[in-house]
Amino acid sequence: MLTFALAVWLCAEPPAAQWTQLAAGVEYQARPFDHDKPKATLQVVRVDPMVATLTLGMASKDGKLHTASAWADQLGLAAVINAGMFSTDHKSNVGKLVDREHVNNADFNAYQSALVFNPKKAGLPKAQLLDLDDKGAKEVAAQYATVVQNLRLIKGQGESVWKPNGRAWSESAVAQDKQGRILFLFVREGYQMSDFNRLVLASGLEVVRAMHVEGGPEASLSLRGKAVRDYFGSFETGFFERDSNDAQWELPNVLGAK
């Protein structure tokens, strides 16, 4: 007969993987994501904006599209993820995207999440995710030199805003945790965003806000430093309904950390 302590130990969650430092203030972890899909792995980059620097790569500024891997190498970044969905001109972010003097898309649309960094004055967080429907949120965004607007997944404090809709895709997302750290999240397996949000909120990462930055075969994540890896999505309902994509696609806009 099992002792109580042994029974608890056998039923406990397996210990999470250790974090690997990619650069000062930038660490990476691959963690099991879904009990029902044993192969599903959530790739996580955790950025401390008090230590590391967030930056953007943009074809509207650079002149060319690159894969996340090429953006990482060209800009010397420890980690790179999509900055957001883009328009048919293959340059413009669907939501507002400005970086200091460079304007990729000047206008807010109806999306309700924005990552802001490069504060214009002292005393503000170095970076934060905003719920743009919160009172005063756009005024806060105006106090930052860099604004990246995207489709909201999770609003503060940790509330999913998606319901099941029958549409699934590989996912790249950007989130913020309770400590104010910025997370790059990637999973290749196709998920409805209602399920993705549920699993992220149950992951122990203490996510309070998150926004979608790309799905399907264009979803990408690249790592440099002690873990040199390049990830790419595949499945997307109504667009690429198969798990056969075997390479990163070129992207006009990426978010990176160094």
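## Report on a predicted single-chain model

Ala-52 is buried, because its relative accessible area of 6% falls under the 20% limit. The model in which this residue sits is a predicted one. Ala-52 is found in the loop that connects strand 3 (41-47) with strand 4 (54-58). Leaving aside residues up to four places away in sequence, Ala-52 touches Ala-24, Gly-25, Val-26, Val-47 and Lys-258. Arg-188 is separated from Ala-52 by 136 residues in sequence, and the two C-alpha atoms are 26 Å apart in space.

### Overall architecture

The chain holds five helices and 17 strands. For 258 residues, a compact globule would be expected to have a radius of gyration near 18 Å; the chain has 18 Å, so expectation and model agree. The C-alpha trace spans about 70 × 45 × 40 Å along its principal axes. Of the 258 residues, 52% are buried. The accessible surface comes to about 12,200 Å², and carbon and sulfur atoms account for 52% of this area.

The contact pattern can be described by sequence separation. Considering contacts between residues at least 6 apart in sequence, 65% join residues at least 24 apart. As for charge, the chain carries 28 positive and 29 negative charges, and the mean positions of the two sets are 5 Å apart.

### Salt bridges

How many salt bridges does the chain contain? The count comes to nine. One of them joins Asp-131 and Arg-209, with 2.8 Å between the closest N and O atoms. This pair links distant parts of the chain, since Asp-131 belongs to strand 9 (residues 127-131) and Arg-209 to strand 14 (residues 207-215), 78 residues apart. Both partners are buried: Asp-131 has a relative accessible area of 4%, and Arg-209 has one of 17%.

A second salt bridge is formed by Arg-181 with Asp-177, and here the closest N and O atoms are 2.8 Å apart. Asp-177 is buried, having a relative accessible area of 2%.

A further salt bridge brings together the side chains of Asp-230 and Arg-224, at 3.1 Å from N to O. Are its partners buried or partly exposed? Asp-230, at 33% relative accessibility, counts as partly exposed, whereas Arg-224, at 12%, counts as buried. Elsewhere, salt bridges with shared partners join Asp-131, Asp-133, Arg-152 and Arg-209 into one network.

The accessibilities of the residues discussed in this section are collected below.

| Residue | Relative accessible area | Class |
|---|---|---|
| Asp-131 | 4% | buried |
| Arg-209 | 17% | buried |
| Asp-177 | 2% | buried |
| Asp-230 | 33% | partly exposed |
| Arg-224 | 12% | buried |

### Helix 5 and its cover

Helix 5 (193-201) precedes the loop that leads to strand 14 and contains Glu-206. Which residues of helix 5 are buried? They are Met-193, Ser-194, Phe-196, Asn-197, Leu-199 and Val-200. The elements covering these buried residues include strand 3, strand 10 and strand 11. Also among them are strand 12 (169-177), strand 13 (182-191) and strand 14.

### Backbone features

Most residues other than glycine have a negative phi, and most peptide bonds are trans. Three places in the model merit inspection against this background.

The peptide bond running from Gly-156 to Gln-157 is cis, its omega being near 0 degrees. Gln-157 occupies the loop between strand 10 (144-155) and strand 11 (159-160).

His-90 is not a glycine, yet its phi is positive, near 60 degrees. The residue lies in the loop between strand 5 (79-82) and strand 6 (97-99). With a relative accessibility of 41%, His-90 counts as partly exposed.

Glu-206, likewise not a glycine, has a positive phi of about 60 degrees. Its relative accessible area of 37% makes Glu-206 partly exposed.

Note on methods:
Residues are numbered from 1 along each chain as its sequence is written. This is a predicted model: local features need pLDDT of at least 70, side-chain atom pairs count only at pLDDT 80 or more; totals for chains, interfaces and linings use all residues. Side-chain values use heavy atoms; hydrogens and water are left out. Helices (H or I, at least four residues) and strands (E, at least two) are DSSP runs, numbered from the N terminus. The radius of gyration is taken over C-alpha atoms; the globule rule is 2.2 Å times the number of residues to the power 0.38. Buried means under 20% relative accessible area, exposed over 50%, partly exposed in between (1.4 Å probe, protein chains only). Contact means heavy atoms within 4.5 Å. Accessible areas come from the Shrake-Rupley method with a 1.4 Å probe; for residues, only the protein chains shown count as cover. Lys and Arg count as positive and Asp and Glu as negative; His and the chain ends are not counted. The place of a charge is taken as NZ of Lys, CZ of Arg, CG of Asp or CD of Glu. A salt bridge is a side-chain nitrogen of Lys or Arg within 4 Å of a carboxyl oxygen of Asp or Glu.
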